[in-house]
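Thanks for coming. I have one structure to go through today, and I will keep it short. Please have a look at it first.

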Amino acid sequence: MFEYELQQIRSAELIREAQNYRLANEAQRGHRAARRTDARRSAHNDTEGQAHSHRPRRHRFARVA
């Protein structure tokens with residue numbers, strides 16, 4: 001009987017952990033979506049374009065012969 005109660009407690013604990021994990025992932029997805037929409041909105045309203053890109057113009061090292 002004692003093992004059964006321990007199993008029930010562990011099962012409930014795992015269910016709570018899974019629910020918290022799903023909730024955290026959902027919040028993270030919402031945050032990413034909000035960031036993307038803000039970026040699109042700011043890029044759409046930008047009349048002069050971006051001053052620079054994050055990519056370097058040249059490769060950092062020379063090509064190997």
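I will start with the chain as a whole, then take the salt bridges, and end with the surface patches.

First, a caution: this is a predicted model. The chain has 65 residues, and 0% of them count as buried. Its secondary structure comes to 1 helix and 0 strands. That helix, helix 1, covers residues 2-45. The accessible surface of the chain is about 7200 Å², and carbon and sulfur atoms hold 53% of that.

Now the salt bridges. How many salt bridges are there? The count is 2.

One of them joins arginine 10 to glutamate 13, with 3.1 Å between the closest N and O atoms. Why are these two about one helical turn apart? Because they are 3 residues apart in helix 1. As for accessibility, arginine 10 has a relative value of 42%, so it counts as partly exposed. Glutamate 13 is also in the partly exposed class, at 31%.

Another salt bridge pairs arginine 41 with aspartate 38, at 3.4 Å from N to O. These two residues lie in helix 1 as well, 3 residues apart, which is about one turn of the helix. Is arginine 41 exposed or buried? Its relative accessibility is 51%, and exposed means over 50%, so arginine 41 counts as exposed. Aspartate 38 has 44%, and therefore counts as partly exposed.

That leaves the surface patches. Which residues form the positive one? They are Arg29, Arg32, Arg35, Arg36 and Arg40. Take arginine 32 as an example. Arginine 32 sits in helix 1, and its relative accessible area is 39%, so it is partly exposed.

There is also a nonpolar surface patch, made by Phe2, Leu6 and Ile9, with an area of about 330 Å². From this patch I pick leucine 6, which is placed in helix 1. Leucine 6 has a relative accessibility of 45% and so counts as partly exposed.

To recap: we have a predicted model with 1 helix and 0 strands, and 0% of the residues count as buried. Within helix 1, arginine 10 and glutamate 13 are 3 residues apart, and so are arginine 41 and aspartate 38. On the surface there is a positive patch of arginines, Arg32 among them, and a nonpolar patch that includes Leu6.

That is all I have.

Methods
Residues numbered from 1 in each chain as written. Predicted model: local features only at pLDDT ≥ 70, side-chain atom pairs only at ≥ 80, totals over all residues. Heavy atoms only, no water. Patch = residues over 30% accessible without salt bridge, like charges linked within 9 Å, V, L, I, M, F, W, Y side chains within 5 Å. Areas by Shrake-Rupley, 256 points an atom, 1.4 Å probe, with all protein chains shown as cover. Salt bridge = Lys/Arg side-chain N within 4 Å of Asp/Glu carboxyl O. Lys, Arg positive; Asp, Glu negative; His and termini not counted. Charge placed at Lys NZ, Arg CZ, Asp CG, Glu CD. Helix = DSSP H or I, 4+ residues; strand = E, 2+ residues; numbered from the N terminus. Buried < 20%, exposed > 50% of the residue type's maximum accessible area, 1.4 Å probe, protein only.
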